[in-house]
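Here is a short tour of the fold for your next look at the viewer. Take a moment with the picture below, then follow the points by topic.

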Amino acid sequence: GNLAPEDARKVISQGLRGAEEMRPGTIGREVVAYGPDPSKPYQMRYRLVDLDSLIPSHTDAFAPNPAYPKELQPRMRERGASRLWVQETAGKLSPEALITDVAALDRGSPIVGSDLVVESGNGRVMAMRFARQDHPERWAAYQEKLRESLPQLGFSERDIATMRNPVVVRERLTPVDRVRF
């Protein structure tokens, strides 16, 4: 079923649990991540999704993504320095850095809300997309590491059997003010 417009706005603005039909992919084990305040843990769970189902802040052309909530992305990824970072990161994409649990908000698997809007890791998502397109050997290395890591993340091989471009993300479960988060 579809969500009523007011419910969809709640999910987008607050990132609330629920709305299962808006969350494609497979759910894995729960983990905790920390931001600048080590006394404040954020509950997350791993989710396997197709790379193209994620909603990053910018398109592959570095233009603002019209599907992305504008209030959540203060960075201007269309700037040269940001483009360079994304392209360089794609060329040396580190599967371990994107898959291994680091318990940090600003590193590791990208963090998404229940609607698959990328809340932390827009540059990492863009780098994965560029690696898939321009550095197939790095993308293949990511896919291989992901397959090796499935049991530790709470998944099995069958969970990605039908996905074209599987990636692991952390879905934030702790309710937050998304703009401040």
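Contact here means heavy atoms within 4.5 Å, and angles between axes run from 0 to 180 degrees between N-to-C directions. With that in hand, please keep in mind that this is a predicted model. Its strands include an open sheet of 5, with mixed pairing.

**The sheet**
- Reading across, the strand order is β1-β2-β5-β3-β4.
- At the edges sit β1 (26-34) and β4 (118-120), each of which pairs on one side only.
- β1 and β2 (residues 41-50) run antiparallel and are joined by 7 bridges.
- Within this pair, Val 32 of β1 is placed opposite Gln 43 in β2.

**Helices on the sheet**
- Helix α4 (residues 122-134) lies across β4 and β5 (166-172), and its direction is at about 120 degrees to β4.
- Helix α5 (residues 136-153) also packs on the sheet, where it touches β1, β2 and β5.
- The direction of α5 makes about 55 degrees with that of β5.

**The nonpolar core**
- The largest nonpolar core holds 38 residues.
- Among those with the most contacts inside this core are Leu 48, Met 128, Tyr 142 and Val 167.
- Elements giving two or more residues to the core include β1, β2, α2 (80-91), α3 (95-99) and β3 (111-112).
- The most generous contributor is α4, with 6 residues.

**A closer look at Met 128**
- Which residues is Met 128 in contact with, leaving aside its neighbours within four places in sequence?
- They are Leu 51, Leu 93, Leu 98, Pro 110, Trp 139, Tyr 142 and Val 167.

Notes:
Residues numbered from 1 in each chain as written. Predicted model: local features only at pLDDT ≥ 70, side-chain atom pairs only at ≥ 80, totals over all residues. Heavy atoms only, no water. Pairing = 2+ DSSP bridges. Helix = DSSP H or I, 4+ residues; strand = E, 2+ residues; numbered from the N terminus. Core = buried A, V, L, I, M, F, W, Y, C linked by side-chain atoms within 4.5 Å. Buried < 20%, exposed > 50% of the residue type's maximum accessible area, 1.4 Å probe, protein only.
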